[in-house]
Amino acid sequence: MSELTDPRQVILVSSREEMDIMGKKEVKDNIITIAWHMPVSFNPQLYAVSVGKTRFSADVIKKSKAFVINFVSEDMGDKALMVGTKSGMHMDKFSECGLTKEECSSIDCPRIKEAAGYMECEVIDEVDAGDHIIFIGKVLNSHIKKSGKRLMQKEKGFIGA
Ligand SMILES: Cc1cc2nc3c(=O)[nH]c(=O)nc-3n(C[C@H](O)[C@H](O)[C@H](O)COP(=O)(O)O)c2cc1C
(Lines give C-alpha, C1' and ligand atoms only; values in the text may rest on other atoms or scores of the structure.)
Protein backbone atom coordinates (compact mmCIF):
# COMPACT_ATOMS: atom_id res chain seq x y z
CA MET A 1 0.00 0.00 0.00
CA SER A 2 2.81 2.45 0.87
CA GLU A 3 4.10 2.33 -2.71
CA LEU A 4 0.82 3.99 -3.71
CA THR A 5 0.34 6.31 -0.72
CA ASP A 6 3.89 7.59 -0.06
CA PRO A 7 5.50 10.04 0.17
CA ARG A 8 3.52 11.47 3.07
CA GLN A 9 4.19 14.33 5.45
CA VAL A 10 5.60 13.09 8.75
CA ILE A 11 4.49 14.69 12.02
CA LEU A 12 5.28 14.17 15.70
CA VAL A 13 2.32 13.68 18.04
CA SER A 14 2.88 14.46 21.71
CA SER A 15 0.71 13.35 24.63
CA ARG A 16 0.62 13.25 28.44
CA GLU A 17 -1.13 11.07 31.00
CA GLU A 18 -0.58 9.41 34.38
CA MET A 19 0.07 5.77 33.49
CA ASP A 20 0.50 2.59 35.46
CA ILE A 21 4.05 1.40 34.64
CA MET A 22 4.77 -1.97 36.23
CA GLY A 23 2.48 -1.19 39.17
CA LYS A 24 3.82 2.35 39.67
CA LYS A 25 1.88 5.49 38.70
CA GLU A 26 3.95 7.88 36.57
CA VAL A 27 3.04 10.95 34.54
CA LYS A 28 4.34 10.15 31.07
CA ASP A 29 5.06 12.77 28.43
CA ASN A 30 5.40 10.91 25.16
CA ILE A 31 5.96 11.47 21.43
CA ILE A 32 5.17 9.25 18.44
CA THR A 33 6.14 9.69 14.78
CA ILE A 34 3.06 9.55 12.55
CA ALA A 35 2.69 9.41 8.76
CA TRP A 36 -1.00 8.46 8.76
CA HIS A 37 -2.93 11.65 9.61
CA MET A 38 -5.30 14.11 7.98
CA PRO A 39 -7.65 17.09 8.41
CA VAL A 40 -11.28 15.83 8.46
CA SER A 41 -13.52 18.88 9.08
CA PHE A 42 -13.39 22.69 8.66
CA ASN A 43 -16.20 23.56 11.07
CA PRO A 44 -15.54 22.47 13.70
CA GLN A 45 -11.84 22.10 12.91
CA LEU A 46 -11.08 18.38 13.30
CA TYR A 47 -7.85 16.47 12.69
CA ALA A 48 -7.41 12.67 12.70
CA VAL A 49 -4.38 10.51 13.51
CA SER A 50 -4.11 6.76 13.06
CA VAL A 51 -2.19 5.11 15.90
CA GLY A 52 -1.27 1.40 16.06
CA LYS A 53 -3.01 -0.44 18.91
CA THR A 54 0.34 -1.75 20.19
CA ARG A 55 1.88 1.74 20.50
CA PHE A 56 2.30 3.18 23.99
CA SER A 57 0.88 6.46 22.60
CA ALA A 58 -2.43 4.70 21.87
CA ASP A 59 -2.81 3.89 25.61
CA VAL A 60 -1.79 7.41 26.64
CA ILE A 61 -4.16 9.19 24.21
CA LYS A 62 -7.04 6.79 24.98
CA LYS A 63 -6.77 7.83 28.63
CA SER A 64 -5.89 11.52 28.30
CA LYS A 65 -8.29 12.29 25.43
CA ALA A 66 -5.82 14.88 24.14
CA PHE A 67 -2.81 15.17 21.83
CA VAL A 68 -0.72 17.72 19.96
CA ILE A 69 0.07 17.59 16.26
CA ASN A 70 3.62 18.95 15.90
CA PHE A 71 4.54 19.73 12.26
CA VAL A 72 8.27 19.44 11.64
CA SER A 73 10.74 20.73 9.07
CA GLU A 74 12.70 18.49 6.70
CA ASP A 75 15.90 18.73 8.74
CA MET A 76 14.29 16.80 11.63
CA GLY A 77 14.48 13.36 9.98
CA ASP A 78 16.93 12.00 12.56
CA LYS A 79 14.64 13.03 15.45
CA ALA A 80 11.55 11.56 13.72
CA LEU A 81 13.40 8.27 13.17
CA MET A 82 14.47 8.06 16.82
CA VAL A 83 10.98 8.94 18.10
CA GLY A 84 9.45 6.50 15.61
CA THR A 85 11.55 3.47 16.51
CA LYS A 86 11.47 3.47 20.33
CA SER A 87 8.63 3.03 22.81
CA GLY A 88 8.08 5.77 25.33
CA MET A 89 6.92 3.34 28.01
CA HIS A 90 10.35 3.13 29.63
CA MET A 91 12.08 6.26 28.28
CA ASP A 92 11.54 9.99 28.04
CA LYS A 93 11.72 10.67 24.29
CA PHE A 94 11.88 14.43 24.84
CA SER A 95 15.23 14.24 26.63
CA GLU A 96 16.56 11.16 24.75
CA CYS A 97 15.84 12.71 21.35
CA GLY A 98 16.91 16.26 22.26
CA LEU A 99 13.46 17.82 21.92
CA THR A 100 12.27 20.65 24.18
CA LYS A 101 8.92 20.63 26.01
CA GLU A 102 6.62 23.62 25.86
CA GLU A 103 3.33 23.61 27.81
CA CYS A 104 0.13 23.84 25.78
CA SER A 105 -2.33 26.61 26.54
CA SER A 106 -5.60 24.73 25.89
CA ILE A 107 -4.86 21.16 27.08
CA ASP A 108 -2.66 19.53 29.76
CA CYS A 109 -0.02 18.28 27.33
CA PRO A 110 3.51 19.19 26.19
CA ARG A 111 4.22 20.37 22.66
CA ILE A 112 7.59 20.42 20.88
CA LYS A 113 9.39 23.77 20.90
CA GLU A 114 11.44 22.93 17.77
CA ALA A 115 8.25 22.27 15.71
CA ALA A 116 7.37 24.42 12.69
CA GLY A 117 3.77 24.62 13.86
CA TYR A 118 1.27 22.89 16.12
CA MET A 119 -2.37 22.06 16.75
CA GLU A 120 -3.59 21.32 20.29
CA CYS A 121 -6.40 18.76 20.07
CA GLU A 122 -9.05 17.32 22.36
CA VAL A 123 -10.24 13.82 21.36
CA ILE A 124 -13.92 13.87 20.42
CA ASP A 125 -14.09 10.39 18.89
CA GLU A 126 -12.17 7.15 18.37
CA VAL A 127 -12.64 4.78 15.45
CA ASP A 128 -11.52 1.17 15.62
CA ALA A 129 -9.66 0.62 12.33
CA GLY A 130 -8.13 -2.86 12.10
CA ASP A 131 -4.80 -2.80 13.86
CA HIS A 132 -4.96 0.98 14.37
CA ILE A 133 -7.21 3.42 16.27
CA ILE A 134 -8.16 6.65 14.56
CA PHE A 135 -8.29 9.45 17.12
CA ILE A 136 -10.34 12.41 15.93
CA GLY A 137 -9.28 15.61 17.65
CA LYS A 138 -11.00 18.98 17.88
CA VAL A 139 -8.38 21.70 17.31
CA LEU A 140 -8.52 24.07 20.29
CA ASN A 141 -5.41 26.11 19.57
CA SER A 142 -3.00 26.22 16.63
CA HIS A 143 -0.04 28.27 15.44
CA ILE A 144 2.43 28.34 12.53
CA LYS A 145 5.92 29.18 13.79
CA LYS A 146 8.15 28.60 10.74
CA SER A 147 7.61 28.36 7.01
CA GLY A 148 9.73 26.14 4.77
CA LYS A 149 9.89 22.53 3.64
CA ARG A 150 8.30 19.89 5.84
CA LEU A 151 9.57 16.41 6.59
CA MET A 152 8.30 13.85 4.08
CA GLN A 153 8.43 10.07 4.36
CA LYS A 154 9.44 7.76 1.56
CA GLU A 155 9.28 3.98 1.71
CA LYS A 156 12.78 3.90 3.17
CA GLY A 157 13.92 7.13 4.80
CA PHE A 158 12.89 10.75 4.33
CA ILE A 159 12.93 13.26 1.48
CA GLY A 160 12.57 17.03 1.28
CA ALA A 161 9.08 18.24 0.26
C1 LIG B 1 8.39 7.70 9.40
C2 LIG B 1 7.55 6.96 10.37
C3 LIG B 1 6.16 7.01 10.28
C4 LIG B 1 5.34 6.32 11.20
N5 LIG B 1 3.97 6.41 11.11
C6 LIG B 1 3.19 5.80 12.02
C7 LIG B 1 1.76 5.96 11.99
O8 LIG B 1 1.20 6.67 11.15
N9 LIG B 1 1.04 5.32 12.96
C10 LIG B 1 1.62 4.55 13.94
O11 LIG B 1 0.92 4.00 14.80
N12 LIG B 1 2.98 4.38 13.97
C13 LIG B 1 3.76 5.00 13.07
N14 LIG B 1 5.11 4.86 13.13
C15 LIG B 1 5.71 3.99 14.16
C16 LIG B 1 5.75 4.63 15.55
O17 LIG B 1 6.22 5.97 15.49
C18 LIG B 1 6.65 3.80 16.47
O19 LIG B 1 6.09 2.50 16.63
C20 LIG B 1 6.93 4.42 17.82
O21 LIG B 1 8.05 3.80 18.39
C22 LIG B 1 5.75 4.30 18.80
O23 LIG B 1 6.11 4.94 19.98
P24 LIG B 1 5.27 4.74 21.34
O25 LIG B 1 5.20 3.26 21.58
O26 LIG B 1 6.10 5.47 22.37
O27 LIG B 1 3.94 5.35 21.12
C28 LIG B 1 5.94 5.55 12.23
C29 LIG B 1 7.35 5.50 12.33
C30 LIG B 1 8.15 6.19 11.42
C31 LIG B 1 9.65 6.14 11.57
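Helices and strands are here DSSP runs, helices of at least four residues and strands of at least two, numbered from the N terminus. With that in hand, the reader can follow this predicted model from the start of the chain, where Pro-7 lies in the loop between helix 1 and strand 1 (8-9). The peptide bond that joins Asp-6 and Pro-7 is cis, with an omega of about 5°. A second cis peptide bond, again with omega about 5°, joins Asn-43 and Pro-44, and Pro-44 lies in the loop between strand 4 and strand 5.

The sheet gives a frame for the rest of the description. Seven strands form an open sheet, in the order 3-2-6-9-10-5-4, and their pairing is antiparallel. Strand 3 and strand 4 (37-41) are the edge strands, each of which pairs on one side only. When direction is ignored, neighbouring strands of this sheet are turned by 35° against each other on average. Helix 2 packs on the sheet, where it touches strand 2, strand 3, strand 5, strand 6, strand 9 and strand 10, and its direction makes about 75° with that of strand 2.

Within the sheet, strand 2 is a useful place to look at the pairing in detail. Strand 2 and strand 3 pair in the antiparallel sense over eleven bridges, and Met-19 stands opposite Glu-26 in strand 3. These two strands form a hairpin with two residues between them, and Met-22 in the turn has a positive phi of about 50°, although Met-22 is not a glycine. Met-22 counts as exposed because its relative accessibility is 75%, the cut-off for exposed being over 50%. With strand 6, strand 2 pairs in the antiparallel sense over four bridges, and here Ser-14 stands opposite Val-68. Nine of the eleven residues of strand 2 are buried, so this strand is largely enclosed by the rest of the structure. Elsewhere in the sheet, seven bridges join strand 5 to strand 10, which run antiparallel, and the bridge partner of Ala-48 in strand 10 is Ile-136.

Helix 2 can now be considered from the side of its own residues. Phe-56, Ser-57, Ala-58, Val-60, Ile-61 and Ser-64 are buried in helix 2, and what covers the buried residues of this helix includes strand 2, strand 3, strand 5, strand 6, strand 9 and strand 10. Helix 2 is followed by Lys-65, whose phi is positive, near 60°, and Lys-65 is found in the loop between helix 2 and strand 6. Lys-65 counts as partly exposed because its relative accessibility is 39%, which falls between the cut-offs of 20% and 50%.

In soluble globular proteins, nonpolar side chains tend to be buried together. The largest nonpolar core of this model has 18 residues, of which Val-13, Val-49, Phe-67, Ile-69 and Phe-135 touch the most other members. Two or more residues of this core come from each of strand 2 (11-21), strand 3 (24-34), strand 5 (46-52), helix 2 (56-64), strand 6 (66-71), strand 9 (117-129) and strand 10 (132-144). Apart from this core lies another one, of 13 residues, among them Val-10, Ile-31, Ile-112 and Leu-151. To return to Ile-69, its contacts, not counting residues up to four places away in sequence, are Ile-11, Leu-12, Val-13, Tyr-47, Val-49, Gly-117, Tyr-118, Met-119 and Cys-121.

Helix 3 offers another buried residue to examine. Val-83 has its place in helix 3, and Val-83 is buried because its relative accessible area is 1%, where buried means under 20%. Leaving aside neighbours within four places in sequence, Val-83 is in contact with Leu-12, Ile-31, Ile-32, Thr-33, Lys-93, Cys-97 and Leu-99. Of these partners, Leu-99 is 16 residues from Val-83 along the chain, and the C-alpha atoms of the two are separated by 10.0 Å.

Finally, the reader may turn to the open space in the model. About 670 Å³ of space lies in the largest pocket, which is lined by 33 residues, with Thr-33, Ala-35, Arg-55, Gly-84 and Gln-153 lying nearest its centre. The elements that give two or more residues to this lining are helix 1 (2-5), strand 3, strand 5, helix 2 and helix 3 (77-83), and strand 3 gives the most, with four residues.

Terms used
Residues numbered from 1 in each chain as written. Predicted model: local features only at pLDDT ≥ 70, side-chain atom pairs only at ≥ 80, totals over all residues. Heavy atoms only, no water. Core = buried A, V, L, I, M, F, W, Y, C linked by side-chain atoms within 4.5 Å. Buried < 20%, exposed > 50% of the residue type's maximum accessible area, 1.4 Å probe, protein only. Contact = heavy atoms within 4.5 Å. Pairing = 2+ DSSP bridges. Axes fitted to C-alpha atoms, helices over the stretch in contact; angles between N-to-C directions. 1 Å grid on protein atoms, 1.4 Å probe; cavity = no way out; pocket = protein on both sides within 12 Å on 5 of 7 lines; lining within 4 Å. Points joined across faces, edges and corners; volume = space filled by probe spheres on them.
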